[in-house]
Amino acid sequence: MTDERLELPQGTLDLLILKALSLGPQHGWAISERLHQVSRATLQVPQGSLYPALHRLERRGWISARWDASDNNRRAKFYELTRTGQRQLKTETEDWRRLTTVVDLVLGME
Amino acid sequence: MLTEILSDIRYRLRALFRRQAVERELDQELRFHLEREAEKYLKQGASPDEAMRRARVAFGGIDSAKEASRDGRGLALLETATADLRYALRSLRRNPGFTLGVVVTLALGIGANAAMFGIVDRLLFRSPPYLREPDRVHRVYLVWVERGREVIETTNQYTRYLDLRRWTTGFSDLAGYSNRKLAVGVGQDARELEVSTVSATFFDFFDAKPVIGRFFTTSEDTVPVGALVTVLGYGFWQSRYGGRSDALGQQLQIGTVSYTIVGVAPRDFDGIPDDASPVAFIPITAYAGTFMHGTRVPNYYTGYNWGWMSILARRKAGVSLAAATADLSAAHERSWNAELGLNPAQTPAAIAHPRAIAGPVQFERGPRQSNVARVAGWVSGVALIVLLIACANVANLLLARAVRRRREIALRLALGVSRRRLAIQLLTESLLLAGAGGAAGLLLAQWGGSILRALFLPGYASGSSLADGRTLAFAFLATLLAGGVTGLAPILQARRADLAEDLKAGARESGYRRSRIRTALLLFQASLSVVLLVGAGLFVRSLQKVRGLRLGYDIDPVVYIYPNTRGAQLSDDAHAALRRRLLDAARTIPGVERATLGMTVPFWDTWTTDLFVPGIDSVRRLGEFTLQTGTPEYFQTVGTRILRGRGITLEDRRDAPRVMVVSEAMAATLWPGREPLGQCIRVDADTMPCTTVVGIAENIRQNSLTDDPGLQYYMPVDQFHPENAVIFARVKGHADDFKESVRRQLQPLMPGDGYLTVSSMSDILRPQVRSWELGTTMFLAFGGLALVLAAIGLYSVIAYDVAQRTRELGIRIALGARIDDVVRLVVSDGMRFALVGVAVGGAITLAAGRQIGPLLYSVSPGDPLVFGVVAGVLLSAAALASALPAYRAARVDPNVTLRTE
């Protein structure tokens, strides 16, 4: 299974986190689980690198954080997309799609 | 974009100021994650421990995740700096002795420099406060050739000032000023205070606005007599008038005249002070027009006899310094020729070559720089040397400490601290030490600075050195320098640290190698100390020689009393009678042995008049002959010896035949090889009856301590202007103790508003020896300081070495060496340092000696006595510094030393 896992290109972790949060506020572990599930366990995201990324996004103001009770009544730090975060998500998604299209074009060259 | 930035700042601020909370949150967040992950594995059937272990593995490195989060906060630099600082503080606090030693050493070095910088700044660099565009303002020096020598004068005639105003084109304005000590106030409170007499244009040179009232206008500064208005100095306004605005319009007695107060100058405005803050400013023409000295005042604005004021000039924009100088020189020549028209006996311009120099405003930067300023410059250099020695000491201490910490450093390197971080941490320690030293040094400078100011700049009322921006900046730079220099050594050590070696080595080494750097530092200190001490010795000998000079009169027991009738209209006879009354009263004062009348005071004023000797066509060309008058007791009162013939006697009354006593040098000049007694001289005019020479007196020094030609003559006071006399009194004891009682006893005899100025001869002479006294004091103080620092440095190095060599020494003792042998071994080591230091220091001093030559008196820079004494002092200090640790080490039981590792 390890051989089929893909490494995440640099900078895309932010995009994935923003997307994950677009569906609603979650805490760090939940985001990690979601990414794991949705990517069908193909994505190799070291759980440790998630938190520095989350804090970076928090610092930029694209996500906001608050402490709240989780589903098992323990306190956890929940992150939520801000309005600027939503705008950023849209921009980065478009950029990504444009990039991959161009790369496909180049790869399809004969 | 803006919201991003705001959010960024808010985040960072929170991370900075609520660090504990943020760290706690991070910890909680990660723990929550691990617990949920572990729950997942628990549900899959793992044991709690197994579940947690798998959770951790799945997570990856917790600490590196934390670190990465922390890095993402954007405070990395600040946090590492804070951490470095805290670590440095802790390690310094653990070694209080070391820390204290270093801080005190640096404080002495930095403090000395900051204090000296304050002095030199005031003397040389700082332009007077409020001066507008100081680099275009010049002090005018007039230069000409007199009797074959070039004369540079800074105090000149008012008429010259007017001539320069008329005949220069390169200056936007000229101003004149003269600072005088005048009696201010009335009655018993009248005191002689510093008053600045200035032209109305003077205030235009400054950007100052009066606090209340106004400055004077050009219409108030006109010849022949200016308006009687005055502007008060700020400090005087505060102290005498309580800072009240009703001071305006009041009258103030200055000198012989009453002035109306029209304004107050702003705070710290001193004009161009000489050495004291003026209490008031009056128009220069008011002073000159009303000034009465008891002598005839020539027309100060049309004649050229009275040179008394300084001239300032502001260069026009676009005029170069060379052009301005040429302009001034041309104007001086025109003025010279104008003077020639009035006085045909004047030297023609072709021989005198009159020219001018446009110098800097600061007097001590011009061509007539006093010796005091030169000494100040040298002492600053000395202070810098002391700082270097202090830094060397500290560097040595830091190096020794670094060697002791080798294991600790190696351990930290092994634990993953990068060499760069380590170097930065060591540098932080050094900077912290330097910072503490600098702060303590500033305090020291504040305290020591006031002492130095009293020595170098007496008369200045204010002057704080602590609040001074430039001194602070200088101290800051000195601190940085000290920190950098001293921190360099341990950093070099850290870079070369060999991990394996250092980890293996015990706290002590098995063998011992003395670091080459430390040896070099020690030699550096020793040679510099030698240089300073030799300087001190040379000054001490100069001072000795100067003090031992036979001046031709006694100083300590002589009091000088000058009666100032302050404009009271008395006839010449009444003036003369007043002097007689004062003289008789002075003789009755307890403690006064003798009293006499005189006319001039050495180093204060001189008097010349025309002399005519049969057979000599121009006496003036042979030199300047100054005169003194006296009563019969003159020579015994003042202490001038009569070598041949007689002095003045009671028979020499007003109508008796005219007689004079001449000095030995004068006799030799006027009648070389012939018998001077009985010769005829005519005084004042060729047609006067003969004045016969009846005695020869010893030469006195009255114009220069070091090379006075000694051409003086004495006439009976009754035969020459008795109305101008002053009184000399000889007391049993030191004159300073009697000044006040003499004044009090004689003051009631003065008519009206008159008052007496009473000084001791030592007061008058003190400024003459000041430069040597200063040099001696400062070089001794700093040289002593340097020696102490160097001795401490040597002691610490030797002590450290001995500690390293304990095993070796223990072995020697065990093998039968006596304690004395061991001590001799160590001491000879120390002496070797001292010898090399003496050699190197001596060489430097001989090379630099020529520079200091002019400041000394009759002492050659290579004086062998001084060198010998200094060498002896250094060697003894070295012996002492090495013997102490040697004795201590030699007394330890060899069994103990051999066994311990």
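Two strands are said to pair if DSSP finds at least two bridges between them, and the exercises below, which concern a predicted model, begin from that rule.

**Exercise 1. Decide whether strands S2 and S5 of chain A pair, and describe the sheet they belong to.**

Step 1. Between S2(A) and S5(A) there are 2 bridges, and the sense of the pairing is antiparallel; at least two bridges are required, so the condition is met.

Step 2. Within this pairing, His27(A) stands opposite Phe78(A), which belongs to S5(A).

Step 3. The sheet is an open one of 3 strands, arranged in the order S2-S5-S4 in chain A with antiparallel pairing. Strand S2 (26-27) and strand S4 (63-69) of chain A are at the edges, and because each has a single partner strand, one side of each is left without a neighbour in the sheet.

Step 4. Helix H1 of chain A, residues 12-22, lies across S2, S4 and S5 of that chain, and its direction makes an angle of about 100° with S5(A).

**Exercise 2. Place this sheet within chain A as a whole, using the count and the order of the elements.**

Step 1. Chain A has 4 helices and 5 strands, and read from the N terminus they follow the order β-α-β-α-β-α-β-β-α.

Step 2. Of the 110 residues in chain A, 31% are buried. When contacts between residues at least 6 apart in sequence are considered, 56% of them join residues at least 24 apart.

**Exercise 3. Describe the contact between the two chains, and find which element of chain A gives the largest share of its side.**

Step 1. Chain A contributes 17 residues to the contact, and chain B contributes 21 residues.

Step 2. On the side of chain A that touches chain B, the elements that give two or more residues are helix H2 (28-38), helix H3 (47-60) and strand S5 (75-81) of chain A. The largest share comes from H3(A), with 9 residues.

Step 3. Sorted by character, the residues on this side of chain A are 5 nonpolar, 6 polar and 6 charged.

**Exercise 4. Work out how strands S8 and S9 of chain B are connected, and which residues of S8(B) are covered.**

Step 1. S8(B) and strand S9 (residues 257-264) of chain B pair in the antiparallel sense, with 4 bridges between them, and Ile254(B) stands opposite Val257(B) in S9(B).

Step 2. The two strands S8(B) and S9(B) form a hairpin with 2 residues between them, and in the turn Gly255(B) has a positive phi of about 65°.

Step 3. The covered face of S8(B) holds Leu252(B) and Ile254(B), whereas Gln251(B) and Gln253(B) are on the uncovered one.

**Exercise 5. Classify Asp684(B) and Ser858(B) as buried or exposed, and say where each is found.**

Step 1. Asp684(B) is found in the loop between strand S19 (680-683) and strand S20 (691-697) of chain B, and although not a glycine, Asp684(B) has a positive phi of about 80°.

Step 2. Ser858(B) is in the loop between helix H24 (819-852) and helix H25 (864-890) of chain B; this residue, also not a glycine, has a positive phi of about 55°.

Step 3. A residue is exposed if 12 or fewer other C-beta atoms lie within 10 Å of its own. Asp684(B) has 12 C-beta neighbours inside 10 Å and therefore counts as exposed, and Ser858(B), with 12 such neighbours, counts as exposed by the same rule.

Notes
Residues are numbered from 1 along each chain as its sequence is written. Chains are lettered from A and ligands numbered from 1 in the order in which they are written. This is a predicted model: local features need pLDDT of at least 70, side-chain atom pairs count only at pLDDT 80 or more; totals for chains, interfaces and linings use all residues. Two residues are in contact if their C-beta atoms, placed from the backbone, lie within 7 Å. Ala, Val, Leu, Ile, Met, Phe, Trp, Tyr, Cys and Pro count as nonpolar, Asp, Glu, Lys and Arg as charged, and the others, Gly among them, as polar. A residue is buried if 20 or more other C-beta atoms lie within 10 Å of its own, exposed if 12 or fewer, and partly exposed in between; C-beta atoms are placed from the backbone. Axes are lines fitted to C-alpha atoms, for helices over the stretch in contact, and angles run from 0 to 180 degrees between N-to-C directions.
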